[in-house]
Amino acid sequence: MQLKFDWMERLFNGRAKLLVENGQIQTRNLHSLRMSVDQLEMRLRQNGIARISDVKYVTLKPKGELGYELMRHAQQVTVGDLERLLQVRLAAPPELHTMFQETAGQRHPSPTDPKLQ
């Protein structure tokens, strides 16, 4: 029923609460959850966030998990970002022999005995 009707999902699971918006703590929502700013900061530090001002949004999901989105200046850089910045494509790494080559289509050099098949 929860999958079919949104109101049933909200009734059984509840809704996420917004705790931080654009680096500003939403104290009204913190008080309604009976959570202190220190507890929020501790949960953010556990997720690797050092400053609240680096966070765009933080929500507390119904099952107690924190969801967050970092501001653009605080997000991690990816290889794709570096390639665009440097306007360079990194060369593909040299092929190394791995144990997965056999399952990827390369078979053993010796054929299997027909009696064993």
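The following legends describe close-up views of a predicted protein model.

**Figure 1. Overall arrangement of the secondary structure.** The protein contains four helices and four strands. Read from the N terminus, these elements follow the order α-β-β-α-α-β-β-α. The protein has 117 residues, and 15% of them count as buried. Its accessible surface comes to about 10400 Å², and carbon and sulfur atoms account for 53% of that area. Among contacts between residues at least 6 apart in sequence, 35% join residues that are at least 24 apart.

**Figure 2. The largest nonpolar core.** Twelve residues form the largest nonpolar core of the protein. Its members are L19, V20, L30, M35, L40, L44, I49, I52, V55, V58, L60 and L66. Two or more of these residues come from each of the elements β1 (17–21), α3 (37–46) and β3 (55–60). Strand β3 makes the greatest contribution to this core, with three residues.

**Figure 3. The surroundings of L30.** This view is centred on L30, one of the residues of the largest nonpolar core. Residues up to four places away in sequence are not counted among the contacts described here. With these set aside, L30 touches L19, I25, M35, S36, V37 and L40. Of these neighbours, L19, M35 and L40 also belong to the core.

**Figure 4. Pairing of strands β1 and β3.** Strands β1 and β3 lie antiparallel to each other and are paired over four bridges. One of the residues to follow in this view is K17, whose bridge partner in β3 is L60. L60 is also a member of the largest nonpolar core. In a regular strand, side chains alternate between the two faces of the sheet.

**Figure 5. The hairpin of strands β1 and β2.** Strand β1 is also joined to β2 (residues 24–25), and the two strands run antiparallel with two bridges between them. Within this pairing, V20 stands opposite I25 of β2. Two residues lie between the strands of the hairpin. At N22, the phi angle is positive, near 50 degrees.

**Figure 6. D54 in the loop between α3 and β3.** D54 is located in the loop that lies between α3 and β3. Is this residue buried or exposed? D54 counts as buried because its relative accessible area is 12%, which falls under the 20% limit for buried residues. Leaving out residues up to four places away in sequence, D54 touches L70, M71, H73 and A74.

Conventions
Residues are numbered from 1 along each chain as its sequence is written. This is a predicted model: local features need pLDDT of at least 70, side-chain atom pairs count only at pLDDT 80 or more; totals for chains, interfaces and linings use all residues. Side-chain values use heavy atoms; hydrogens and water are left out. Buried means under 20% relative accessible area, exposed over 50%, partly exposed in between (1.4 Å probe, protein chains only). Contact means heavy atoms within 4.5 Å. Accessible areas come from the Shrake-Rupley method with a 1.4 Å probe; for residues, only the protein chains shown count as cover. A nonpolar core is a set of buried Ala, Val, Leu, Ile, Met, Phe, Trp, Tyr and Cys residues joined through side-chain atoms within 4.5 Å. Two strands pair if DSSP finds at least two bridges between them.
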